[in-house]
Amino acid sequence: MKHGTTGSIGTLNWTRNDKGSTAEMRLATIGLALGTALLATACNNHSEEKQEADQRAAAAGFVPPSVTSRVDFGGMMDRRFRTLDRDGNDIITADEMPSGNSRIRELDRNGDGEVTHSEFSEGTLNWFDRMDLNRDGAVTSEERESSRTERPTTPTNPVALNNAN
Ligand SMILES: [Ca+2]
Ligand SMILES: [Ca+2]
Ligand SMILES: [Ca+2]
């Protein structure tokens, strides 16, 4: 220990200085990183949590909840009818029928191979009412999902019956 003290001290000093500056730099870096991390955590905590929740939900096949009102649905179906009725005569004739879409064909109540506007709107609102399990005039994504798997025992609800009469 006593031999070469100067050299040792020199080395120690040099090492200490080096360590000191390295440590300072490291501290500064850590401080900066901590600060950035804290800032990021403060800012992104919620969105990160949401993203994680979304990813877990997506993995479970969950669709974000949505609500469609009967009026909105009617409007959507009306636009669909207008798109299909290319010549605008208020009838979806056989040649205007979308190929491979058997659900539109289901709406042809009198079986003449054509779907009139009233057949279309009444039929599609029937679909809506069948999906609207709690009959509050709105179909949530949950109701839509469960209507795919289970059919209610009564296909029509009082609202649809009133409209038909
Ligand atoms: Ca037409
Ligand atoms: Ca018809
Ligand atoms: Ca409902």
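**Helix α4 and its surroundings in a predicted model**

Biologist: Of the contacts in the protein with a separation of 6 or more, what percentage is accounted for by residues 24 or more positions apart?

Modeller: The model is a predicted one, in which local features need pLDDT of at least 70 and side-chain atom pairs count only at pLDDT 80 or more, whereas totals for chains, interfaces and linings use all residues. Residues are numbered from 1 along each chain as its sequence is written, and chains are lettered from A and ligands numbered from 1 in the order in which they are written. Two residues are in contact if their C-beta atoms, placed from the backbone, lie within 7 Å. Among contacts in the protein with a separation of 6 or more, residues 24 or more positions apart account for 44%.

Biologist: In what pattern do the helices and strands follow one another along the sequence?

Modeller: Helices (H or I, at least four residues) and strands (E, at least two) are DSSP runs, numbered from the N terminus. The protein has 6 helices and 4 strands. Read along the sequence, they give α-β-α-β-α-β-α-β-α-α.

Biologist: What percentage of the 165 residues is buried?

Modeller: A residue is buried if 20 or more other C-beta atoms lie within 10 Å of its own, exposed if 12 or fewer, and partly exposed in between, with C-beta atoms placed from the backbone. For the 165 residues of the protein, the buried share is 7%.

Biologist: Where on helix α4 do its buried residues lie?

Modeller: Helix α4 covers residues 117-131, and its end C-alpha atoms are 21 Å apart, in agreement with the 21 Å expected at 1.5 Å a residue for 15 residues; the expected span is 1.5 Å times one less than the number of residues. Its buried residues are Phe120, Thr124, Phe128 and Asp129. Seen down the axis of α4, these fall within an arc (of the directions from the helix axis to the C-beta atoms) of 165 degrees, so they line one face of the helix.

Biologist: At roughly what angle do the axes of α2 and α4 cross?

Modeller: In α2 (residues 70-84), Arg70, Phe73, Gly74, Met77, Asp78 and Phe81 meet His117, Phe120, Ser121, Thr124, Leu125 and Phe128 in α4. Axes are lines fitted to C-alpha atoms, for helices over the stretch in contact, and angles run from 0 to 180 degrees between N-to-C directions. The axes of α2 and α4 come within 10 Å and cross at roughly 140 degrees.

Biologist: Is Arg109 buried or partly exposed, and which residues does Arg109 touch?

Modeller: Arg109 is in the loop between α3 (102-106) and β3 (115-116). Because 14 C-beta neighbours lie inside 10 Å, Arg109 counts as partly exposed. The C-alpha atoms of Arg109 and Glu119 are 6.6 Å apart in space, and the two are 10 residues apart in sequence. Not counting residues up to four places away in sequence, Arg109 touches Glu119 and Gly123.

Biologist: How far apart are the C-alpha atoms of Arg130 and Ser147?

Modeller: Arg130 lies in helix α4 and is partly exposed, with 18 other C-beta atoms within 10 Å. Arg130 and Ser147 are 17 residues apart along the chain, and their C-alpha atoms are separated by 7.4 Å.

Biologist: What is the approximate phi of Arg135?

Modeller: Most residues other than glycine have a negative phi. Arg135 lies in the loop between α4 and β4 (138-140) and is exposed, with 12 other C-beta atoms within 10 Å. Although Arg135 is not a glycine, its phi is positive, at about 55 degrees.
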